[in-house]
Amino acid sequence: MFERLFRRTSCPIPNAAGRSACLRPRHFVPLAGFIVPSVVIGYGLVLPHAGFSGVNELSIGFATTLMGAAATYVVGIMMALRR
């Protein structure tokens with residue numbers, strides 16, 4: 001009730017109740033711009049031409065590197081949206 005009467009317009013602290021912090025598809029566009037070319041170049045060009053085709057330590061390591069980068073990106077976006 002009092003929030004309607006006394007709105008904080010000059011206070012630099014944002015109102016947490018009025019913001020919706022949810023992930024949207026537009027947040028994942030830069031991630032897709034990183035992951036898709038990395039997968040195409042890594043698994044399509046680099047690993048097969050280096051003699052490391054198939055599932056082995058290098059292909060699994062490359063996949064876990066990409067998954068770690070994606071997880072770090074998502075956690076960073078979630079932390080930025082909470083602020």
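These are legends for a handful of close-up views of a predicted model.

**View 1. The whole chain, built from three helices and zero strands.** Residues are numbered from 1 along each chain as its sequence is written, and side-chain values use heavy atoms, with hydrogens and water left out. Since the model is predicted, local features need pLDDT of at least 70 and side-chain atom pairs count only at pLDDT 80 or more, while totals for chains, interfaces and linings use all residues. Reading from the N terminus, the elements go α-α-α; helices (H or I, at least four residues) and strands (E, at least two) are DSSP runs, numbered from the N terminus. The accessible surface is about 6900 Å², with 68% of that belonging to carbon and sulfur atoms; areas come from the Shrake-Rupley method with a 1.4 Å probe, and for residues only the protein chains shown count as cover. Of the 83 residues, 12% are buried, where buried means under 20% relative accessible area, exposed over 50%, and partly exposed in between (1.4 Å probe, protein chains only). Take the contacts with a separation of 6 or more: 68% of them join residues 24 or more positions apart, a contact being heavy atoms within 4.5 Å.

**View 2. Confidence along the chain, given as pLDDT.** pLDDT is the predictor's confidence in each residue, from 0 to 100. The chain averages 83, and 75% of its residues reach 70 or more. Among the elements, helix H1 (residues 2-5) has the lowest mean at 58, and helix H3 (residues 57-82) has the highest at 94. Where pLDDT is low, the predicted coordinates should not be read in detail.

**View 3. His27, in the loop between H1 and H2.** His27 counts as buried because its relative accessibility is 13%. Leaving out residues up to four places away in sequence, His27 touches Cys22, Tyr73, Ile77 and Leu81.

**View 4. Ser38 in helix H2 and its polar contact with Phe34.** With a relative accessible area of 19%, Ser38 is buried. A polar atom of the Ser38 side chain sits 2.7 Å from the backbone oxygen of Phe34. For the record, a polar contact is a pair of N or O atoms within 3.5 Å; within protein, one must be able to donate a hydrogen and the other to accept it, and residues adjacent in sequence count only if both atoms are side-chain atoms. Skip the neighbours within four places in sequence, and Ser38 is in contact with Tyr43, Phe62 and Leu66.

**View 5. Phe34, another residue of helix H2.** Phe34 is partly exposed, at 42% relative accessible area. Not counting residues up to four places away in sequence, Phe34 touches Leu66 and Ala69. Phe34 and Leu66 are 32 residues apart along the chain, yet their C-alpha atoms are separated by 9.1 Å.

**View 6. Phe62 and Ala63 in helix H3.** Phe62 counts as partly exposed at 25% relative accessibility. Beyond residues up to four places away in sequence, Phe62 touches Ser38, Gly42 and Tyr43. For the Phe62 and Tyr43 pair, 19 residues apart along the chain, the C-alpha separation is 8.9 Å. Ala63 is partly exposed too, with a relative accessible area of 26%. Ala63 and Val39 are 24 residues apart in sequence, and their C-alpha atoms are 8.4 Å apart in space.

**View 7. A nonpolar surface patch that includes Val36, a residue of helix H2 (residues 29-49).** The patch covers about 450 Å² and is made by Val36, Val40, Ile41, Leu45 and Val46. Patches are made of residues with over 30% relative accessible area and no salt bridge, joining like charges within 9 Å and nonpolar side chains (Val, Leu, Ile, Met, Phe, Trp, Tyr) within 5 Å. A salt bridge here is a side-chain nitrogen of Lys or Arg within 4 Å of a carboxyl oxygen of Asp or Glu.
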